[in-house]
Amino acid sequence: MDFLMSGLAACGACLFTNPLEVVKTRMQLQGELQSPGTYQRHYRNVFHAFITIAKVDGLAALQKGLAPALLYQFLMNGIRLGTYGLAEAGGYLNTAEGTLSLSRSAAAGALAGVMGAYLGSPIYMVKTHLQAQAASEIAVGHQYKHRIFPPQSWKGALTAAMVSGIVVVLAMTPFDVVSTRLYNQPTDVQGKGLMYRGILDALLQTARTEGIFGMYKGIGASYFRLGPHTILSLFFWDQLRILYYTYSK
């Protein structure tokens with residue numbers, strides 16, 4: 001659970017910080033191996049870079065490389081925080097007397113960080129290539145012409161659904177848990193629930209008794225269900241519309 005929760009938490013943050021990552025990448029590549037004053041500065045500062053990218057490349061360009069960025073965050077932070085959490089839960093960070101060992105904590109943190117960075121490095125490279133891609137008038141650094149999926153590919157739609165699904169499950173899982181429990185609770189002869197008085201009461205009781213993780217039970221199943229369900233629903237809807245308009249004429 002530590003791997004999943006830490007990975008999803010990092011992905012949620014990445015959705016908001018990825019535009020800054022795009023700006024950072026381009027500013028770091030600007031003037032690569034050129035003396036100051038010998039090259040054109042397309043990006044004068046952070047705010048100017050935001051405006052320039054949005055104006056020339058479009059607003060969507062501020063989220064370039066989002067798919068590999070999310071995968072990188074999920075993998076790196078899931079491994080890094082999850083491994084450290086397992087070491088902590090297993091008591092490996094404590095001395096024989098039961099006190100926290102700073103040296104063991106530092107070693108565990110370093111090992112977890114190295115593992116996460118090593119496994120996430122190839123994905124970070126792809127992310128950097130995609131975020132550096134720009135229109136010729138504001139391009140900096142080498143311009144790789146990667147295309148993850150061909151146009152109109154179902155893989156692109158599935159990836160988009162899985163990415164957006166991160167936000168959906170983080171926001172909706174507590175309510176999904178509560179609705180399941182409200183529907184499943186025993187009732188008296190009048191049909192009134194015996195465990196919860198309503199949505200708010202169910203949320204509060206769950207949080208107090210089971211903690212924040214209790215609010216996110218089943219989040220893995222919800223996430224991996226959401227992407228395929230969304231794609232299949234839209235696919236069948238589109239095919240049914242095609243059939244309808246084909247044979248209704």
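Me: In this predicted model, with which residue does E210 form a salt bridge whose closest N and O atoms are 2.7 Å apart?
Reply: The model is a prediction, and side-chain atom pairs count only at pLDDT 80 or more. The residue sought counts as partly exposed, at 47% relative accessibility. With closest N and O atoms 2.7 Å apart, the salt-bridge partner of E210 is K217.

Me: Which parts does the pair of E210 and R181 tie together?
Reply: E210 also forms a salt bridge with R181, where the closest N and O atoms are 2.5 Å apart. E210 lies in residues 199–214 and R181 in residues 154–184, so the pair ties together parts that are 29 residues apart in sequence. These parts are helix 6 and helix 5.

Me: Is E210 buried, partly exposed or exposed?
Reply: Buried residues have under 20% relative accessible area and exposed ones over 50%, with partly exposed in between. The relative accessible area of E210 is 31%, so this residue is partly exposed.

Me: At which residue does helix 6 bend?
Reply: A straight helix of 16 residues would span 22 Å at 1.5 Å a residue, whereas helix 6 spans only 15 Å between its end C-alpha atoms. The helix also bends, by about 85°. The site of this bend in helix 6 is R208.

Me: Which residues in helix 6 are buried?
Reply: A residue must have under 20% relative accessible area to count as buried. E210, at 31%, is therefore partly exposed. The buried residues in helix 6 are D201, A202, L203, T206 and G214.

Me: How many residues apart in sequence are the parts that D57 and R26 tie together?
Reply: The side chains of D57 and R26 meet in a salt bridge of 2.8 Å, N to O. D57 lies in the loop between helix 2 and helix 3, and R26 in helix 1, so the pair ties together separate parts of the sequence at a distance of 31 residues.

Me: Which residue of the D57 and R26 salt bridge counts as buried?
Reply: D57 has 23% relative accessibility and therefore counts as partly exposed. Its partner has 1% relative accessibility. The buried residue is R26.

Me: Over the ring of which residue does the charged end of K127 sit?
Reply: K127 belongs to a network of salt bridges that also links E21 and K24. The charged end of K127 is 4.2 Å from the centre of a ring. That ring belongs to Y124.

Me: Is the aromatic pair of Y223 and F224 stacked, tilted or edge-to-face?
Reply: A search of the whole structure finds two aromatic pairs. Y223 and F224 form one with 5.1 Å centre to centre and 70° between the planes. Planes over 60 degrees apart count as edge-to-face, so the angle decides the class. The pair is edge-to-face.

Me: Which of the two rings' residues, Y223 or F224, is exposed?
Reply: Y223 has 14% relative accessibility and therefore counts as buried. The other residue has a relative accessible area of 55%. The exposed residue is F224.

Me: Which element gives the largest share of the largest nonpolar core?
Reply: This core has 20 residues, of which L66, L70 and I166 touch the most other members. The elements giving two or more residues to the core are helix 1, helix 3, helix 5, helix 6 and helix 7. The largest share, five residues, comes from helix 5.

Definitions and conventions:
Residues are numbered from 1 along each chain as its sequence is written. Side-chain values use heavy atoms; hydrogens and water are left out. Rings of Phe, Tyr and Trp (its six-membered ring) pair if their centres lie within 6.5 Å; planes under 30 degrees apart count as stacked, over 60 as edge-to-face and the rest as tilted. Buried means under 20% relative accessible area, exposed over 50%, partly exposed in between (1.4 Å probe, protein chains only). A charge sits over a ring if NZ of Lys or CZ of Arg is within 6 Å of the ring centre and within 35 degrees of the ring normal. A salt bridge is a side-chain nitrogen of Lys or Arg within 4 Å of a carboxyl oxygen of Asp or Glu. Helices (H or I, at least four residues) and strands (E, at least two) are DSSP runs, numbered from the N terminus. The expected span of a helix is 1.5 Å times one less than its number of residues. The bend at a residue is the angle between axes fitted to the seven residues ending there and the seven starting there. A nonpolar core is a set of buried Ala, Val, Leu, Ile, Met, Phe, Trp, Tyr and Cys residues joined through side-chain atoms within 4.5 Å.
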